[in-house]
Amino acid sequence: MTDSPQLERLLALAEAALARLDAALPPPLPQPDWQSAVAFRWRKSNGRGWLQAVRHPHPIRLSDLETIDDQKERIAANTRQFVAGNPANNVLLTGSRGSGKSSLVKAMLNEFSAKGLRLIEVDKDDLVELADIIDLLEGRPEKFIIFCDDLSFEAGETAYKALKSVLDGSVAAPPDNVLIYATSNRRHLMPEYFSENLETHTVNGEIRPGDTTEEKVSLSDRFGLWISFYPFSQEDYLAVFQHWARELGVPENVIADSEREALNWSLGRGSRSGRVAWQFAKDLAGRQKPARKKAK
């Protein structure tokens with residue numbers, strides 16, 4: 001009994017130390033409010049990540065995307081299967097910059113969000129946390145597309161290993177309510193070097209790539225659906241420009257008189273793409289004088 005006061009003092013000191021430690025720790029991150037939004041971003045602070053709701057997702061629609069009808073049909077069919085609960089593939093969209101790859105993924109959200117589709121944007125640097133993100137999504141009634149835009153990896157980066165594991169390589173089966181849609185200007189997502197050709201060897205007369213090439217190609221192979229995009233023809237470029245100019249309220253006579261200027265704009269940018277057509281349409285629309293209000 002003589003040690004009781006000393007023991008009580010020690011316990012009190014320990015409780016005070018724990019209270020100070022608890023106060024120093026950052027507060028727990030909020031759980032996603034799944035009812036507040038249809039799109040989310042994975043954000044990080046102090047080494048911890050959370051899903052942040054996107055209050056105003058991009059409003060682009062499938063009907064806004066001109067000259068890529070085949071690509072629209074293929075990704076829409078895959079996404080339709082997914083939201084219906086049928087088997088569907090992870091998708092890799094590759095090809096020319098500004099040709100509509102990212103816009104097509106965003107249009108899928110607007111097309112199918114009413115049927116339970118949700119979009120989660122994850123930066124390349126955060127792919128190492130894909131397993132944690134999927135843990136938040138597994139078992140939810142919604143269908144989730146994890147969107148990785150402009151995806152490519154340089155030599156020495158290791159985030160691609162986490163992506164490979166989630167796509168098809170982990171001991172855990174991927175959940176049925178999650179797919180990954182990625183866009184890239186590279187088909188194989190990683191740089192390829194001439195020296196890698198020296199690793200090529202033959203077995204019984206059959207040419208086989210070396211281990212380095214196999215490692216790089218294996219990442220792209222884990223996407224079940226590849227959708228390719230190509231440079232726009234002059235006709236395609238003008239069709240996209242005309243669509244957006246009409247959407248922005250440019251008069252038809254101004255649109256017809258601006259085709260040469262639209263082509264010169266693309267020459268100045270060194271690219272004839274849907275993105276450049278959209279940018280010129282915005283510039284043209286901004287230069288139009290507002291209509292005068294009728295006198296009362």
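## A buried aromatic pair

F280 has a relative accessibility of 0% and therefore counts as buried, the cut-off for that term being under 20%. The model in which this is seen is a predicted one. F241 is likewise buried, its relative accessible area being 0%.

The two residues F241 and F280 make an aromatic pair of the tilted kind, with 5.2 Å from centre to centre and 55° between the planes. Because F241 belongs to helix α7 and F280 to helix α10, the pair ties together parts of the chain that lie 39 residues apart in sequence. In the whole structure, a search finds 5 aromatic pairs. Elsewhere, one aromatic cluster is formed by W34, F40 and F144.

## Helix α7 and its surroundings

Helix α7 covers residues 234–247, which is 14 residues. From its first C-alpha to its last, α7 reaches 20 Å, close to the 20 Å expected at 1.5 Å a residue. After α7 comes G249, which has a positive phi, near 85°.

Which residues of α7 are buried? They are Y237, L238, V240, F241, Q242, H243, W244 and A245. An α-helix has 3.6 residues a turn, so residues three or four places apart point the same way. The buried residues of α7 pack against three helices: α8 (252–257), α9 (259–269) and α10 (274–286). The tilted pair of F241 and F280 links α7 to the last of these helices, α10.

## Strand β6

Is strand β6 enclosed or open to the outside? Of the 7 residues in β6 (residues 178–184), 7 are buried, so the strand is largely enclosed by the rest of the structure. In a regular strand the side chains alternate between the two faces of the sheet. In β6, V178, I180, A182 and S184 point one way, while L179, Y181 and T183 point the other way. The residues of both sets are buried.

Strands β3 and β5 are each joined to β6. Strand β3 (residues 91–95) runs parallel to β6 and is joined to it by 4 bridges. Within this pairing, V91 has Y181 of β6 as its bridge partner. Strand β5 (residues 143–148) also runs parallel to β6, with 5 bridges between them. Here I145 stands opposite L179 of β6.

## L225 in strand β9

L225 is found in strand β9, which spans residues 225–229. L225 has a relative accessible area of 14% and is therefore buried, since buried means under 20%.

What is L225 in contact with, leaving aside its neighbours within four places in sequence? The residues are R74, N78, N89, N90, V91 and L92. One of them, V91, is the bridge partner of Y181 in β6. The C-alpha atoms of L225 and I75 are separated by 8.5 Å, although the two residues are 150 residues apart along the chain.

## The chain as a whole

The protein chain contains 10 helices and 9 strands. Of its 296 residues, 39% are buried. The accessible surface comes to about 17600 Å², and carbon and sulfur atoms account for 50% of that area.

Contacts between residues at least 6 apart in sequence were also examined for the chain, and 75% of them join residues at least 24 apart. The aromatic pair of F241 and F280 is an example of parts tied together at such a separation, being 39 residues apart in sequence.

How values were computed
Residues numbered from 1 in each chain as written. Predicted model: local features only at pLDDT ≥ 70, side-chain atom pairs only at ≥ 80, totals over all residues. Heavy atoms only, no water. Helix = DSSP H or I, 4+ residues; strand = E, 2+ residues; numbered from the N terminus. Expected span 1.5 Å × (residues − 1). Buried < 20%, exposed > 50% of the residue type's maximum accessible area, 1.4 Å probe, protein only. Contact = heavy atoms within 4.5 Å. Areas by Shrake-Rupley, 256 points an atom, 1.4 Å probe, with all protein chains shown as cover. Phe/Tyr/Trp six-rings, centres within 6.5 Å; stacked < 30°, edge-to-face > 60°. Pairing = 2+ DSSP bridges.
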